[in-house]
Amino acid sequence: MTDFAQADETADMAALLERQRRAFLTEGAPDAAQRRDRLSRLRAATLAWRRDLARAVSADFGHRSRHETDILELVPVIQAIDYLHRNLRRFMRPERRHVALVHRSGRAWIEYQPKGVVGVMAPWNYPVSLTLVPLATALAAGNRAMLKPSELTPRTSALIAGMIANTFAPDEVAVVRGGPETGAAFSRLPFDHLLFTGSTAVGRKVMQAAGENLVPLTLELGGKSPAIIARGHVSRRTMDSLVFGKLANGGQTCVAPDYALVHEDDLDRFVAEYGAAVARFYPDGPASPDYTSIIGAAHHARLTGLLADARARGAQVVEVGPRPETAAARPHTLAPALVLGPPEDCALMREEIFGPILPVQTYATIDAAIARVNARPRPLALYYFGDRDADCERLLQRTTSGNVGINNTLMHVAQDDLPFGGIGPSGMGAYHGIEGFRAMSHAKGIFAQGRWNLPRLLRAPFGRLADLAVR
Ligand code: NAD
């Protein structure tokens with residue numbers, strides 16, 4: 001592994017951007033073959049560095065199994081690259097557009113042009129995929145890119161920097177490392193597009209900084225994603241999906257179910273079945289090989305603080321799953337917990353949890369569940385478990401969230417052809433799918449004058465023909 005000291009490259013950032021922009025202007029937009037070549041290099045490097053990346057992520061977290069890193073980070077990167085590679089020509093194809101009657105012999109079309117240099121700012125929770133999938137999108141759209149990974153995963157960030165330097169010229173793709181100050185300086189650079197993944201609070205600052213230069217922005221933020229379980233739908237299938245989405249990566253997933261709305265008749269069964277599912281996934285409880293640690297002491301303390309606050313305010317905290325006495329404790333692990341009946345205004349119900357804690361509230365009717373969802377800021381994801389089509393339809397019509405998962409959790413993110421993003425406080429814009437390609441492209445509308453247009457109609461001195469224009 002390379003050294004993982006955080007280099008403060010702030011001073012070089014503006015020069016790097018200038019260098020990439022000059023290369024972009026000199027070489028022009030890359031054709032499909034050049035874009036595919038960049039995607040292929042990224043794919044090969046990701047596979048070659050796969051084991052090192054998994055080791056670095058595990059060291060940064062305290063513990064994360066290499067299988068989890070493979071499934072939740074490496075597979076999405078490879079799948080996204082392959083999807084972009086396969087669909088590149090279709091995405092790049094100019095689009096014919098309608099021409100107004102008086103201009104009929106002219107032609108109108110759109111060309112999707114690379115914006116230039118794209119900045120990518122990434123969080124720590126999926127440090128590989130949330131850096132490399134935006135990068136793949138930027139490259140497919142023909143851009144150059146500067147990446148700013150998180151300081152909370154220093155080993156992984158250093159490794160990504162090494163991998164990128166081995167794979168791309170600095171004027172194609174470059175990595176800048178550092179903490180919040182570097183992030184702040186990075187977000188002030190006059191990129192041609194900036195994609196930020198992280199918290200809503202920092203997203204707000206990034207948007208202000210980007211606004212100074214009018215940099216187009218994609219914000220992938222967080223929030224509290226609800227999971228609504230229909231009456232009578234506490235099945236093994238439901239619980240397996242819920243526990244998978246909640247406890248993957250130790251609950252540190254932006255689209256993890258953040259709180260559950262369970263029908264009031266089903267609460268006891270829900271608690272029992274949730275515990276049973278946790279035991280199936282993690283037979284040794286928090287010491288299980290596939291149970292991921294909390295990223296660091298500060299986040300661990302934040303989570304135990306949320307539990308203490310909920311307990312003090314009358315909620316019932318239920319630790320779930322096995323807890324063998326002999327299991328070796330790992331740094332910063334936190335046992336899965338349910339919190340029953342948390343008051344609406346406790347911190348657990350106000351803040352994004354980002355850990356293995358699931359607050360559970362009950363509801364009596366689907367409209368009451370909808371009202372609870374709509375009383376909060378618009379979430380990144382919304383999950384519905386049930387088979388009542390009318391209720392599901394009502395939920396889809398009456399709530400607004402970035403994405404929706406029906407009878408599953410997280411899997412909408414794995415659909416490369418679906419836009420992924422939030423709305424309002426959970427984000428702005430989207431990537432994945434053609435939407436990602438277009439977010440990082442400029443849709444240039446072009447009109448070419450034809451031979452037989454009717455210019456006399458439109459130009460002074462206006463004659464009787466002009467009357468025909470307004471009918
Ligand atoms: P964060 O906002 O603290 O950090 C994200 C990035 O911003 C990091 O690279 C960091 O160095 C940088 N940064 C920190 N302070 C900054 C500042 N003042 N100015 C500019 N940049 C700054 O987020 P995090 O703690 O790394 O990640 C967790 C958050 O990310 C959660 O809220 C989660 O929901 C969200 N998230 C969203 C998605 C999504 O796709 N929507 C995915 C993963 C995580």
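Student: Is L410 buried or exposed, and how do I read that?

Tutor: Happy to start there. This is a predicted model, and burial is read from a neighbour count. L410 has 21 C-beta neighbours inside 10 Å, so it counts as buried, since the cut-off is 20 or more. L410 sits in the loop between strand 14 and strand 15.

Student: What is the backbone angle phi of L410 like?

Tutor: The general idea comes before the case. Most residues other than glycine have a negative phi. L410 is not a glycine, yet its phi is positive, at about 65°.

Student: Which value does phi of N407 take?

Tutor: Phi of N407 is near 55°, again a positive value in a residue other than glycine. N407 lies in the loop between strand 14 and strand 15 (427-428). With 17 C-beta neighbours inside 10 Å, though, N407 counts as partly exposed.

Student: Strand 14 keeps coming up. What is the order of strands in its sheet?

Tutor: Some background will help. Strands of a sheet pair through backbone hydrogen bonds, either parallel or antiparallel. Here, 7 strands make an open sheet with mixed pairing, and the order is 10-11-12-9-8-13-14. Strand 10 (316-319) and strand 14 (403-406) are the edges; each has a single partner strand, so one side of each is left without a neighbour in the sheet. From one strand to the next, the twist averages 25°.

Student: How many bridges join strand 10 to strand 11?

Tutor: There are 4 bridges between strand 10 and strand 11 (residues 337-340), and the two run antiparallel. To find the register, look for V317, which stands opposite V339 in strand 11.

Student: Which strands make up the open sheet of 3 strands?

Tutor: Its order is 1-2-16, with antiparallel pairing. Strand 1 (95-97) and strand 16 (441-448) stand at the edges with a single partner strand each, which means that one side of each has no neighbour in the sheet. Ignoring direction, neighbouring strands of this sheet are turned by 30° against each other on average. Strand 2 (residues 107-114) pairs with strand 16 in the antiparallel sense over 8 bridges, and P114 stands opposite S441 in strand 16.

Student: Now for the interior. Which residues touch the most other members of the largest nonpolar core?

Tutor: In soluble globular proteins, nonpolar side chains tend to be buried together. The largest nonpolar core here has 118 residues, of which V120, L135, A136, A145, I164 and I229 touch the most other members. Helix 5 (residues 129-140) gives the largest share of this core, 8 residues. As for I164, leaving aside neighbours within four places in sequence, it is in contact with L147, V173, A174 and V175.

Student: What does L139 touch?

Tutor: L139 has its place in helix 5, and with 28 C-beta neighbours inside 10 Å it counts as buried. Not counting residues up to four places away in sequence, L139 touches R35, R38, L39, L42 and A145. For a sense of scale, L139 and T304 are 41 Å apart in space, C-alpha to C-alpha, and 165 residues apart in sequence.

Student: Last topic: which residues come nearest to the ligand?

Tutor: Of the 29 residues around the ligand, P123, G183, G198, G222 and C254 come nearest. Helix 7 (180-187) and helix 8 (200-212) are the elements that give two or more residues to this shell, and helix 7 contributes the largest share, 4 residues. By residue type, the shell divides into 13 nonpolar, 11 polar and 5 charged.

Technical notes: Residues numbered from 1 in each chain as written. Predicted model: local features only at pLDDT ≥ 70, side-chain atom pairs only at ≥ 80, totals over all residues. Near = placed C-beta within 6 Å. Nonpolar A, V, L, I, M, F, W, Y, C, P; charged D, E, K, R; others polar. Core = buried A, V, L, I, M, F, W, Y, C linked by C-beta atoms within 7 Å. Buried ≥ 20, exposed ≤ 12 C-beta atoms within 10 Å, placed from the backbone. Contact = placed C-beta atoms within 7 Å. Pairing = 2+ DSSP bridges. Axes fitted to C-alpha atoms, helices over the stretch in contact; angles between N-to-C directions.
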